[in-house]
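Open the model in your viewer and keep the sequence panel visible. The stops below are given in the order in which to select them.

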Amino acid sequence: MAVALAGLFVTALSFTSRRDEDEEEVQKQSMADDEGAVSPVIATILMVAITVVLSGVIYVWASSLADTDVKGTPRVTFKIEEYDATDPETGHWRITIGQSETDLATQAVQVRIIYTNASGSTVTKTFSLSDSNGVYGYNPENSDAFVMFVDSTLRKEGTNYKSTFSAGDTIFVRTHDPEGTPLEKATVSITYAPAIAGQSTTVLKTYEDLSYNKAP
């Protein structure tokens with residue numbers, strides 16, 4: 001709207017200046033030349049119309065840019081299933097990414113688990129999927145970590161490899177805590193926390209009431 005108002009203001013000034021010039025010209029012209037004054041009026045009207053249209057186009061364009069800002073919540077779909085869930089050594093929930101609106105940086109994705117341990121205390125653990133200590137690039141066959149991440153979309157850029165969190169990737173979460181206690185009514189959240197000023201953490205998915213002997 002500010003752009004449109006500015007355009008109208010500039011056009012109004014132009015119209016006033018043209019009108020003053022037309023009045024001086026009319027005083028110098030004969031009555032036979034009056035029909036020639038129609039052209040400047042039409043030109044001014046067209047100028048106003050074009051300015052308004054252009055202002056509207058710019059406003060719509062700017063609005064569309066705001067809607068697609070990187071601060072928007074990325075849309076990601078997930079599928080969860082049991083993976084030998086009742087075994088304290090090998091039991092896991094397997095979470096697969098179905099679709100992703102955009103590839104996300106793996107280092108910005110975290111998995112948070114809230115559960116009750118054997119002593120009855122509530123425990124909260126947060127894991128970064130880029131953690132190379134048994135998490136990133138591991139699965140239940142080669143790691144006993146609480147959370148593991150299999151990156152199926154790792155791609156090479158020049159001499160380096162870039163990891164992204166996108167469709168086809170898999171997260172494994174143990175159904176038992178590190179002490180072997182089965183999880184009962186646990187909460188698992190997958191969050192996106194990019195290191196960008198002004199951008200807050202976004203919850204991509206939350207699973208509640210997860211239990212080792214209960215299908216999610």
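The structure holds six aromatic pairs, where rings of Phe, Tyr and Trp (its six-membered ring) pair if their centres lie within 6.5 Å; planes under 30 degrees apart count as stacked, over 60 as edge-to-face and the rest as tilted. This is a predicted model, in which local features need pLDDT of at least 70 and side-chain atom pairs count only at pLDDT 80 or more, while totals for chains, interfaces and linings use all residues. Residues are numbered from 1 along each chain as its sequence is written, and side-chain values use heavy atoms, with hydrogens and water left out.

**Stop 1: two aromatic pairs**

Select F127 and F146. The ring centres of F127 and F146 are 5.8 Å apart and the planes stand at 70 degrees, so this pair is edge-to-face. F127 belongs to strand β5 (residues 122-128) and F146 to the loop between β5 and β6 (147-150), so the pair ties together parts that are 19 residues apart in sequence. Strands (E, at least two residues) and helices (H or I, at least four) are DSSP runs, numbered from the N terminus. F127 and F146 are both buried, a label for under 20% relative accessible area; exposed means over 50% and partly exposed in between (1.4 Å probe, protein chains only).

Next, select Y136 and F149. Their rings have centres 6.0 Å apart and planes at 40 degrees, so the pair is tilted. Y136 sits in the loop between β5 and β6 and F149 in strand β6, so that distant parts of the chain, 13 residues apart, are linked by the pair. Which of the two classes, buried or exposed, fits F149? F149 counts as buried, at 0% relative accessibility. Y136 has 23% relative accessibility and counts as partly exposed. Add F78 and F165 to the selection: with Y136 and F149 they form one aromatic cluster.

**Stop 2: D151**

From Y136, move to D151, which is found in the loop between β6 and β7 (155-157). D151 has a relative accessible area of 14% and is buried. Show the side chains here. That of D151 makes a polar contact of 2.9 Å with the side chain of Y136, and another polar contact, 2.6 Å, joins the side chains of D151 and S163. A polar contact is a pair of N or O atoms within 3.5 Å; within protein, one must be able to donate a hydrogen and the other to accept it, and residues adjacent in sequence count only if both atoms are side-chain atoms.

Which residues is D151 in contact with, leaving aside its neighbours within four places in sequence? They are T106, Y136, S163, T164 and D169, with contact meaning heavy atoms within 4.5 Å.

**Stop 3: the open sheet**

Switch to cartoon view and colour β1, β2, β10 and β6. These four strands form an open sheet in the order β1-β2-β10-β6, with antiparallel pairing. β1 (76-83) and β6 are at the edges and have a single partner strand each, so one side of each is left without a neighbour in the sheet. From one strand to the next the twist averages 20 degrees; axes are lines fitted to C-alpha atoms, for helices over the stretch in contact, and angles run from 0 to 180 degrees between N-to-C directions.

Cross the sheet from the β1 edge. β1 pairs with strand β2 (residues 92-100) in the antiparallel sense over seven bridges, where pairing requires that DSSP finds at least two bridges between two strands. Select K79 to find its bridge partner in β2, T96. β2 and β10 run antiparallel and are joined by five bridges; W93 has V173 in β10 as its bridge partner. Four bridges pair β6 with strand β10 (residues 170-174), again in the antiparallel sense. For M148, the bridge partner in β10 is F172.

**Stop 4: R174**

Stay in strand β10 and select R174. R174 is buried, at a relative accessible area of 8%. Add D144: the C-alpha atoms of R174 and D144 are separated by 8.5 Å, and the two residues are 30 apart along the chain.

**Stop 5: two positive phi angles**

Most residues other than glycine have a negative phi. Select K185, which is not a glycine yet has a positive phi of about 55 degrees. K185 lies in the loop between β10 and β11 (186-192) and is exposed, with a relative accessible area of 63%.

Finish at D209, also not a glycine, with a positive phi of about 60 degrees. D209 lies in strand β12 (residues 202-210) and is partly exposed, its relative accessible area being 34%.
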